[in-house]
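Morning, everyone. Let me put the structure up, and then we'll go straight to a helix pair.

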Amino acid sequence: MKKIGIFYGTTTGSTALVAKKIAKELGVADEDVKNVASAAPSDLGDYEAVLLGCSTWGDGDMQGDMHDFIDGASTLMLRGKKIAYFGCGDDSMSDTFCNGVGEMYRRMAATEAQPIGIYNTYGFEFNHTGAEVDGKIVGLLIDNTNHEDLTDTKIKEWCEELKGEI
């Protein structure tokens, strides 16, 4: 498997917890799991595959630290690298559920990294998510507020799929 870096933005710790669970499933070393508040966008260049994660806040916005990180990361040329997205949200915010995942996906498209990690939304009920692009969910969506019982299963399934793509 290629060298994987996991980069996350977190405010309450929920996305950090998900990032660490993903790292455990994929066998990613602790030093390759980075809070974007203390990482530079150029650090993405150290990895063959990158996973980006954040929560969704307010009116469907990316978590603040990730928003700033993506400002710099989206200007990089990452052709030849693979990139996957994950995010935390609350499906009771039914019009903006996990919008941050879709925002990361859209903003990182210019880097020419190859997106991987398309997944599903079973177990959640919402009206709309910005994480849906061309009829597909572009990453792993997690709701630890209302559906914590699904978190570990979703992470395991998504990581199994990623192993086949990385």
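Helices α2 and α3 cross right-handed, meaning the near helix is turned clockwise from the far one by less than a right angle. This is a predicted model: local features need pLDDT of at least 70, side-chain atom pairs count only at pLDDT 80 or more, and totals for chains, interfaces and linings use all residues. Residues are numbered from 1 along each chain as its sequence is written, and side-chain values use heavy atoms, with hydrogens and water left out.

Back to the pair. α2 spans residues 64-73 and α3 spans 99-108; their axes come within 10 Å and cross at roughly 15°. The helices are therefore roughly parallel, the term for angles under 35 degrees. Who makes the contact (heavy atoms within 4.5 Å)? From α2, Met66, His67, Ile70, Asp71 and Ala73; from α3, Glu103, Met104, Arg107 and Met108. That set divides into five nonpolar, one polar and three charged.

Next, Asn144. It sits in the loop between β9 (140-142) and α4 (148-165). Buried or exposed? Buried, at 18% relative accessible area; the cut-off is under 20% with a 1.4 Å probe, protein chains only. Its side chain makes a polar contact with that of Thr151 at 2.5 Å. Another, of 3.2 Å, joins the side chains of Asn144 and Ser14. A polar contact is a pair of N or O atoms within 3.5 Å, one able to donate a hydrogen and the other to accept it; residues adjacent in sequence count only if both atoms are side-chain atoms.

Last, Ala39. This residue lies in the loop between β2 (33-35) and β3 (49-57). Ala39 is buried too, at 15%. Leaving aside residues up to four places away in sequence, Ala39 touches Phe7, Lys34 and Phe69.

Terms used. Helices (H or I, at least four residues) and strands (E, at least two) are DSSP runs, numbered from the N terminus. Buried means under 20% relative accessible area, exposed over 50%, partly exposed in between (1.4 Å probe, protein chains only). Contact means heavy atoms within 4.5 Å. Axes are lines fitted to C-alpha atoms, for helices over the stretch in contact, and angles run from 0 to 180 degrees between N-to-C directions. Angles under 35 degrees count as roughly parallel, over 145 as roughly antiparallel, 65 to 115 as roughly perpendicular and the rest as oblique. Ala, Val, Leu, Ile, Met, Phe, Trp, Tyr, Cys and Pro count as nonpolar, Asp, Glu, Lys and Arg as charged, and the others, Gly among them, as polar.
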